[in-house]
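Here is a set of exercises to work through with the model open beside you. Try each task on your own before you read its solution.

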Amino acid sequence: MGDNAIVARGMTRRFGDLVAVNNVDLTVPKACVYGFLGPNGSGKSTTIRMLCGLLTPTSGNIEVLGLRIPEQAEQLKRNIGYMTQRFSLFEDLTVRENLEFLAAIQGVPRIEQKKRIETLLQEYHLADRDKQMAGTLSGGQKQRLALAGAVIHKPELLLLDEPTSAVDPESRRDFWEKLFDLADAGTTILVSTHYMDEAERCHRLAILDSGILVADGEPVKMAAALAGRTFKVETSQPRKAQAALLKEASVVSVAQIGNELRVLVAEGDSVPGHLNQVLRAAGLEAKLEAATPNLEDVFVAATHRSHLEHA
Amino acid sequence: MNLRRLWAIVIKELRQLRRDRVTAAMIVGIPTIQLLMFGFAINLDVRGLKAAIADQAHTSASRAVVQDMLATGVIVQKESAQTPDDLMQALKRGRISVGIVIPPDFERRLAENREAVQVLVDGSDISVQNAARQLAQMPLNGQNSLRPAQISVVSFYNPERRSAVNVVPGLVGVILTMTMILFTAVAIVRERERGNLELLITTPVSRTELMVGKVLPYIVIGLVQTTIVLLLGVLVFQVPTRGHWIDVYGATMLLIMANLSLGLLISTRAQSQFQAMQMSFFLLLPSILLSGFMFPFAGMPKTAQWIAEVLPLTHFMRLNRGIMLRGASLMDMWQEALILLVFTIVMMSLAIMRFSKRLD
């Protein structure tokens, strides 16, 4: 354990015939912003719920903050903050009343409560709205309130389940700044998302696809591992070029971005000469050049591989 | 159990309740409206009942009796009749509510101290029945020669002559069953539907704190409702309270807790607020029909009686009628009180057991 906040081995959860999370191994270092990237239904929420003891794993071993889960889940609940996908504070209580309630429930010492709430209201830019009903706040404000509520007792670990799915880009950026502040102060943060730009910001990242952990590591290194496999194609007939390229077995994916095509090829292929041949054979004028791999390429490569293995 | 967390939940519930204007209005509205509605049935001061009189004696004494009766204002002569049969026909058709028969041998019956006047009553209307009984109790003429025993009242269409004052002690229970079960039945489901529950169960709050914290504010609300019904009952309808107020509130408290814990159990089962409401109504109807509030308990078939014994309202009905009408104390009827207490403990334990801090 030592430097890791979360260690899970062979974590599996079934719902009837559906395997929502399949044999996932997870290691989350302390004071790290750890991202969970995956499409809807990939098992992100189920994994997070198992980690905080809300769901019992069908099999596997989980240790969070040195506690065995689900057996010691009640002890864990004193040290975690959890933010659900949906706003889960009380819409018919004011901002301040919500924080007062959580402070009491989370056992913030009575003498510190008032000061702590004032600090949070300031830090999360809610000071002028403290008497407003939580239900009437905007998406971004609700989310700031939810985060303030989740950290009111200064938990060691924050579990955030798609916290930014309902807010504008500006609020998302602010939110991430807050997360890095918290991580800087020593909080471990596990955050799920389906936004590439958010995933890119994480210290470490795990990619989930249909309940399987298909890749994990540092985003930059994961992208770097794809060097030589990504290309840009400039052509006057992108749709036709895309169709031609997709017929090639070595081409993993072709995505159109504006008038360009972004091509990802399988490992160890003899490119770019081969691709040029393909395009010429299709009678297309095209300019092919190498591109810097990004996280989207990582995601596509990882999920593609898992689909092949399944088939 | 952590008292600070418990208190936080109580405060939260009260704040939410205060903002839910419709529910807050219902807390006062339901008992008030219900009592005023039932008030027509408990209004003992009925006047101007349509009546017909068959005076077959035609003596000065019989005419004096008739005049005395009319002078009370309780009845107004609407039809003339010759025979009891005429009265029966008029009664059946609803043209009159009360028929008075003075037999041909009125004077001799009087002298022999036998029943001398017969009052026929349309018992399908409780207020009429009571008014007629009141009529029969009063001394009818100045000389007091006619004692109450000499007027016999025959009540039709309602074999058990229920006293109208029975309604208020029972009504307290019906209103509390109606509101209390529903309040807590939606309490947990509502938080599940709104997504609050997933947050709550990842905090250190315990199951017991959550359940007890949700019940406590409603006990106070139940007592407020009780007070409204009792005050209106006493001030507007002059319902007697022969037992001690403390015993009345004690019995009410027991029913409130039993209903709240029953509601909480529903809440842990129901998947939506709508389901919770349906389950509450599923319990409400047998409570009203079988508890003895509407129909006499003794007349029900054995199966119905068994079902009734499981319903808290049945036991409360016996307790509160005993206290308010017969002047009994809670201790005199400790078995009924104990049953309510046991019911509460069992339901509450089941609710806490059934409520899981997990989602699976």
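## Exercise 1: a buried loop residue

V108(A) is buried, because 21 other C-beta atoms lie within 10 Å and the cut-off for a buried residue is 20 or more. Please keep in mind that the model is predicted.

**Task.** Find where V108(A) sits and which residues it is in contact with, leaving aside its neighbours within four places in sequence.

**Solution.**
- Step 1: Locate the residue. V108(A) belongs to the loop that links α3 and α4 (110-123) of chain A.
- Step 2: List the contacts. Beyond the neighbours within four places in sequence, V108(A) is in contact with A103(A), Q113(A), R116(A), I152(A) and H153(A).
- Step 3: Look further along the chain. K154(A) is 46 residues apart from V108(A), and their C-alpha atoms are separated by 9.0 Å.

## Exercise 2: the sheet of six strands

**Task.** Work out the strand order of the open sheet of six strands in chain A, and find which helices lie on it.

**Solution.**
- Step 1: Trace the order. The strands follow one another as β6-β7-β8-β3-β9-β10 (chain A), and the pairing is mixed.
- Step 2: Find the edges. β6 and β10 (212-217) of chain A each pair on one side only.
- Step 3: Judge the twist. On average, neighbouring strands of this sheet are turned by 15 degrees against each other, direction ignored.
- Step 4: Check one pair. β6(A) and β7 (157-160) of chain A run parallel and are joined by four bridges, with I80(A) opposite L157(A).
- Step 5: Add the helices. Helix α1 (residues 44-51) of chain A packs on the sheet and touches β3 (33-37), β7, β8 (188-193) and β9 (204-209) of chain A. The direction of α1 makes about 155 degrees with that of β8(A). Helix α5 (residues 139-150) of chain A lies across β6 and β7 of chain A, at about 160 degrees to β6(A).

## Exercise 3: the sheet of four strands

**Task.** Describe the open sheet of four strands in chain A, then follow V263(A) through its contacts.

**Solution.**
- Step 1: Read the order. The strands are arranged as β12-β13-β11-β14 (chain A), and the pairing is antiparallel.
- Step 2: Name the edges. β12 (251-257) and β14 (286-290) of chain A pair on one side only. Neighbouring strands are turned by 25 degrees against each other on average, direction ignored.
- Step 3: Pair the strands. Six bridges join β12(A) and β13(A) in the antiparallel sense, and V251(A) has V265(A) as its bridge partner. β11 (230-235) of chain A and β14(A) are also antiparallel, over five bridges, and here K232(A) is partnered by E289(A).
- Step 4: Inspect the turn. The hairpin of β12(A) and β13(A) has two residues between the strands, and G258(A) takes a positive phi near 65 degrees there.
- Step 5: Place the helix. α9 (238-246) of chain A lies across β11, β12, β13 (260-265) and β14 of chain A, running at about 170 degrees to β12(A).
- Step 6: Follow V263(A). Apart from neighbours within four places in sequence, V263(A) is in contact with T230(A), F231(A), V233(A), L245(A), V251(A), V254(A) and L275(A).

## Exercise 4: cores and a helix pair

**Task.** Which residues touch the most other members of the largest nonpolar core, and how do α7(B) and α13(B) pack?

**Solution.**
- Step 1: Start with the core. Of its 166 residues, L159(A), L190(A) and V263(A) touch the most other members. Helix α7 (residues 167-194) of chain B gives the most to this core, with 17 residues.
- Step 2: Separate the second core. A separate core of 26 residues includes A51(B), A90(B), I96(B) and F106(B).
- Step 3: Describe the packing. α7(B) and α13 (312-326) of chain B pack at an angle of about 145 degrees, with axes 8 Å apart, and their crossing is right-handed.
- Step 4: Pick out the contact. Among the residues that make it are G170(B), G173(B) and T177(B) of α7(B), and F316(B), N320(B) and M324(B) of α13(B).

## Exercise 5: a β-α-β unit

**Task.** Which handedness does the unit of β1(B), α3(B) and β2(B) have?

**Solution.**
- Step 1: Pair the strands. β1 (49-55) and β2 (75-80) of chain B are parallel, over five bridges. L49(B) has I75(B) as its bridge partner.
- Step 2: Add the helix. With helix α3 (residues 60-71) of chain B, the two strands make a right-handed β-α-β unit.

Terms used: Residues numbered from 1 in each chain as written. Chains lettered and ligands numbered in written order. Predicted model: local features only at pLDDT ≥ 70, side-chain atom pairs only at ≥ 80, totals over all residues. Pairing = 2+ DSSP bridges. Right-handed = clockwise from strand over helix to strand, strands pointing away. Core = buried A, V, L, I, M, F, W, Y, C linked by C-beta atoms within 7 Å. Buried ≥ 20, exposed ≤ 12 C-beta atoms within 10 Å, placed from the backbone. Contact = placed C-beta atoms within 7 Å. Axes fitted to C-alpha atoms, helices over the stretch in contact; angles between N-to-C directions. Left-handed = near helix turned anticlockwise from the far one by under 90°.
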